[in-house]
Amino acid sequence: MSVLTRDEAQTRAQIIDVERYTIALDLTTGEETFDSKAAIRFTARTAGDTFVEVKPATLRSIALDGQPLDPALLDGNRYPLTGLTPGPHELHVDAAMSYSRTGEGMHRFTDPADGETYVYTQLFMEDVQRVFAAFDQPDLKSVFAIDVTAPQGWKVLGNGVSARTDDGRWTIAPTPLISTYLVAVAAGPWHSVTTEHAGLPFGIHCRRSLAPHLDADADEILDITRACYDRYHEKFDEPYPFDSYDQAFVPEFNAGAMENPGLVTFRDEFVYRSAVTDTERQTRAMVISHEMAHMWFGDLVTLSWWDDIWLNESFAEYMGYQTLTEATLPRTPNSLRAGQTLFPDAWVEFGVTRKGWGYDADQRPSTHPVAPDPEAVPDTASALLNFDGISYAKGASALRQLVAWLGEKDFLAGINTHFARHKFANATLADFIDNLASATDRDVHAWARQWLRTTGIDTLTADVHEPTGPTEAGQTWTLAVERTGSRPHRITVSTFDHALNTQAGPGHLAPRDRFELDVPGDGSPLVRTGNRPALVVLNDGDLTYAKIRLDAASWDTALTHLSAIPDALTRAVIWNAARDMVRDGQLDPTRYLTAARTHLPYESDLALVQGVLSFADSQIAARYTTPEARPAALATLTSLCRDLIRRTEDGSHPGLRLTAVRHFIDAATQPDTLQSWLTEGTVHGGPELDPELRWRILTRLAALGATDEAAIDAELTADPSATGREGAARCRAALPTPEAKATAWQAMFHDDTLSNYLFTATAQGFWQPGQDGLLRTYVDRFYPDATALAARRGPAIAEAAGRYAFPAYAVDTESLATGTRALKDPALTPALRRKLTDQLDDLRRALAVRTTEH
């Protein structure tokens, strides 16, 4: 199959304009394929040759302007259209298309809970070709009119309002001008909750087996949707550009969500069937907000080529979080919290989780600018690699810094100019910057060069000098900020003093001063009055993207008084700094664990607790600690979690208790407590074990060799859902027996029957620390088997293999050498090569952390 190059797309856009697609899909033809008929009306601007893309199981017929063409001329995924004459044309393509089991194209899923079948499209980048023939590039926008023939009892959803006709077919209202990758269809016996807001139909949908769980959260989801919709209309001059707003929670979805206009698709893990924390509910709300932002930035105004994907994702990421801190719940009959802000502390979670994703990606060999040069994204395969922490988290951080520097009023004025000039069309980075520049006297072009066209992370280090002695203004101390890097930064600096003999009690830190600072400044240290503060925090408020280093005295204060800092976002900045220092070999991982052990029992922000525990568990205990020291690290974590469980015995902090229980399970080295909980069906003092906790415990027992196939089968009988099947696959792969490992490996790398989710679950269970004797031979096998698998099954499985099936447990020079040699294999697909490059760099970093003397 040929990938589309930027040059080919530009050439085709000069030759043709596309006016309308009329698509007929028949989903009643069997379990393996569906029928697809496409009629494409387009105009040739000049005489010439071009091509249309299609990936059929069978190409039955193709005709241009009524004249049949030879189906045998299909070359991979391209059919040549030669000798076009100037003027209007109509192309007809009739094909049988294959259903997908990997979340690409038209994905088909049969729910093991009730036997019902669902299909949905994910057409991002170049997968529309798996569903119907198309001129598949983002700048050939068109109207799409789609009819769907579906089995009796099914409901069909699409980009517009859908209606069932007398003959049993479903007709979806034609779209405005949109790009091919944004077309969406979802069909099946959906359970739906519908309402109306601002004169538009709104709906949320899931598979029937999840109906009780969606119904339980329907008011919350719809309240958030309405609140974000209203807030965006306060920010944006352009009204919502489509005729309806549906949100479908679909099975086995590869991404978090997809911004199809009028029909946003989400992974249906967001329909919670087990207990979750408020932070997880905030994450779902952020994804809702993020995808709605795309209705304007991405759908109304679309990139011209994939080098500007950051414009879509960075904007939606920034707006998703910012809108959650501003939007208030509307007054509706079912709203109990009308006028209340959705999630005022959403930026804390961004700082402690999402931002680290950007920092990590930006320090790998695969880093790239937020806005790469067009030449760096020559084709769709290379573009797909840029959906990473840079395009999302770093880009959002850059926009947050831009707003701090530019001011929100001018920023929104430039955004609204951008929408007005390019609505239902395409735009480039140059267009975006020009439109921002039209709203301000500041040099936005220079800012863009410094922030968007460069790679890497600046480091800002505080240099604090003690008081100089009495002056006319009293005693003074000085602050200089040393910068490693080249970007300008507008930051906030906060200072704190020890507050003794106050109502807050000993050890409390009291804010003294807070001021803005431009880095670099004029080179002179900043002089402040008073004694030297106990703590000086750079980038308080987390408004810029940079690694922060505190001065030595401030570090001592922070590590001993972190939980006494009043503001959660300030604490997030310091925890992030500690995280970065561990990764850079500047802070002993055990000191990080000690700080967590000391301060998390007193931490009030759940996002911080979850973020710190996740890093401590998945990185420090699992990778940065030697096998000999790992039991002590796990003991620290289990002791910490036990303290948190005790702290929450009164039921006042259910989210904190759930978080502690989860991490206690993951860190347990002895099975007794876990087996007792599983047998009794409850954690002592609560919570009762729901399906998620039962599978989590059973996975840990499997890794410890404290359960068997019979127990896994019994649990699956009790929970025969899709999530249950994934839990069983994870448990079976975790069992420490040669037979279990061989069976899991065969399923992952040779049978080619696992869906994307079952592949991931099996991979998550397979590699377990402490099972080295069983796993060592598979390290060498991974590279050739993953390379062949990626070539056979495509980018989605390649990405899953590189992310989840990589032998991350094996932190040693032999594993690094094996992987480094494997990178030289020319047969590696781009998606797998990128994941392996990142994984091996993380392995190299873990080795360095282990061997650094602190």
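This report describes a helix pair, a pocket, a cavity and one buried serine in a predicted model.

**Helices H14 and H16**

Two packed helices are described by the angle between their axes and the distance between the axes. For helix H14 (residues 606-624) and helix H16 (residues 654-667), the axes come within 10 Å and cross at roughly 5°. Angles under 35 degrees count as roughly parallel, and H14 and H16 are therefore roughly parallel to each other. On the H14 side, the contact is made by Leu606, Val609, Gln610, Leu613, Ser614 and Asp617. H16 contributes Gly655, Leu656, Thr659, His663 and Asp666. By class, the residues of this contact between H14 and H16 comprise four nonpolar, five polar and two charged.

**The second largest pocket**

Both H14 and H16 also take part in the lining of the second largest pocket, where they and helix H3 (278-294) are the elements that give two or more residues. The volume of this pocket is about 470 Å³. Its lining consists of 22 residues, and those nearest the centre of the pocket are Thr277, Asp278, Thr279, Leu606 and Ala607. Leu606 is also one of the H14 residues in the contact with H16.

**The largest cavity**

Rolling a probe the size of a water molecule over the atoms shows where empty space is left. Across the whole structure, the search finds three cavities of 30 Å³ or more. The largest cavity has a volume of about 60 Å³. Its lining is formed by Tyr359, Asn539, Asp542, Ala546, Lys547, Ile548, Val573, Asn576, Ala577 and Asp580. At least two of these residues come from each of strand E28 (547-549) and helix H12 (568-583). Which element gives the most to the lining of the largest cavity? That element is H12, with four residues.

The table sets out the two linings by residue class.

| Space | Volume | Nonpolar | Polar | Charged |
|---|---|---|---|---|
| Second largest pocket | about 470 Å³ | 10 residues | six residues | six residues |
| Largest cavity | about 60 Å³ | five residues | two residues | three residues |

**Ser815**

Ser815 is located in helix H25 (residues 813-822). Is Ser815 buried or exposed? Its relative accessibility is 0%, so Ser815 counts as buried, the cut-off for buried being under 20%. Leaving aside residues up to four places away in sequence, Ser815 touches Arg776, Val779, Tyr783, Ala810 and Leu843.

Methods: Residues numbered from 1 in each chain as written. Predicted model: local features only at pLDDT ≥ 70, side-chain atom pairs only at ≥ 80, totals over all residues. Heavy atoms only, no water. Axes fitted to C-alpha atoms, helices over the stretch in contact; angles between N-to-C directions. Parallel < 35°, antiparallel > 145°, perpendicular 65-115°, else oblique. Contact = heavy atoms within 4.5 Å. Nonpolar A, V, L, I, M, F, W, Y, C, P; charged D, E, K, R; others polar. 1 Å grid on protein atoms, 1.4 Å probe; cavity = no way out; pocket = protein on both sides within 12 Å on 5 of 7 lines; lining within 4 Å. Points joined across faces, edges and corners; volume = space filled by probe spheres on them. Buried < 20%, exposed > 50% of the residue type's maximum accessible area, 1.4 Å probe, protein only.
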